[in-house]
Amino acid sequence: RDYQSLEEAIDRLMTDVTDALRAINPEVLIEFRQTYVGPAIRKYGNMLRVGDCANDALFNRAEIPSLKLTSGNHAVHSDMLMWNYEDKVESAALEFVSVLYAVPQISMKIAKLRDDHKQMLKFYLSFWRENRDTLMNGKILAANPESACSLVCAEKDGCAIFTAYTDTVIDCSAYDEIIAVNSTRHGSLILKGADGKKYKVLDCMGNILEEGTVSGALCEIKVSLAGMVCVK
C-alpha cells in the first residue's frame, strides 16, 4: 500500500490510467456515470452520462441541466433512450425531447421501429446535429429546478432553443431566432416579445403544419405534443 489516504491512492490510480490511455490515443473517450461525477472526476474523463434511467424521460430531463451546469466544457450524455414499439409517435418523441441538451444515446432496434417512429427519430437526430453547437456549447438556462426544470433554454449568438415541459410563457424578446419545443400536455405554446416575427410550426416528424406571423405582445400558437415552433 503506497498511500495512507484512500482518496490520494484513487487519484494516483486514475491519473496513471488516464495518462496511459491518452498516450495511446490523445483523443480517447473516457466516460463516467452520474453517481461518480464531481469536480475531481473532470481531470480523468471527458464524457459524463446521466445515471441509469432507461425509459425515464423525466429523470433524463431533470438531470441533464444539473450536469451541464456543473461540468464545464465536458460533453454531457443522456442515458439510453427507450420506448415501447407500440407507443404513439408523440410519446416516443418525448424521450428524445427530454435529452436535447445532451448527446442522445439511442437504445432501440431501428429495424423494428414503425415508419412514423423512424421518421420522428430521423427528424430529431437531424435537428440535433444541425443545432448541436447551440445545444451543447450554448449558455444553459434551467428555470424552476424545484419542478424538475420545467423550462430549459440553450442560447448562443442570438439563437435560443427552448423546451417547455409545463405550461409557461416563453420570452423571445432577447433573441433574433427562437425554437420552442412543446413537451407539455397542452396543445399550444405562449410566446412573449415576438410580435411581427415570422413563425413556422412543425410536428414531431418534421412536417410543417402552419406558417404565419406572430401577432401581439403575447401570442398563443398551436403546437402539437413534441412538436416545435420556429420564430425569426
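Here is a short briefing on the fold, the helix 1 geometry and the nonpolar cores of this chain. The model is predicted, so local features need pLDDT of at least 70 and side-chain atom pairs count only at pLDDT 80 or more, while totals for chains, interfaces and linings use all residues. Residues are numbered from 1 along each chain as its sequence is written, and side-chain values use heavy atoms, with hydrogens and water left out.

**Overall picture**
- The chain holds five helices and 14 strands, taken as DSSP runs (H or I, at least four residues, for helices; E, at least two, for strands) and numbered from the N terminus.
- Its C-alpha trace spans about 70 × 40 × 30 Å along the principal axes.
- Of the 232 residues, 44% are buried (under 20% relative accessible area, 1.4 Å probe, protein chains only).

**Helix 1**
- Helix 1 (residues 6-24) has 19 residues and should span 27 Å at 1.5 Å a residue, which agrees with the 27 Å between its end C-alpha atoms; the expected span is 1.5 Å times one less than the number of residues.
- At its N-terminal end, Ser5 acts as a cap, with a side-chain oxygen 3.3 Å from the backbone nitrogen of Glu7.

**Nonpolar cores**
- The largest nonpolar core (buried Ala, Val, Leu, Ile, Met, Phe, Trp, Tyr and Cys residues joined through side-chain atoms within 4.5 Å) has 42 residues, and those touching the most other members are Trp83, Leu100, Tyr101, Met120, Tyr124, Cys204 and Met228.
- Elements supplying at least two residues of this core each include helix 4 (115-130) and strand 7 (159-164).
- A second, separate core has 21 residues, among them Phe162, Ile178, Leu191 and Tyr199.

Methods. Polar contact = N/O pair within 3.5 Å; in protein donor to acceptor, adjacent residues only side chain to side chain. Buried < 20%, exposed > 50% of the residue type's maximum accessible area, 1.4 Å probe, protein only.
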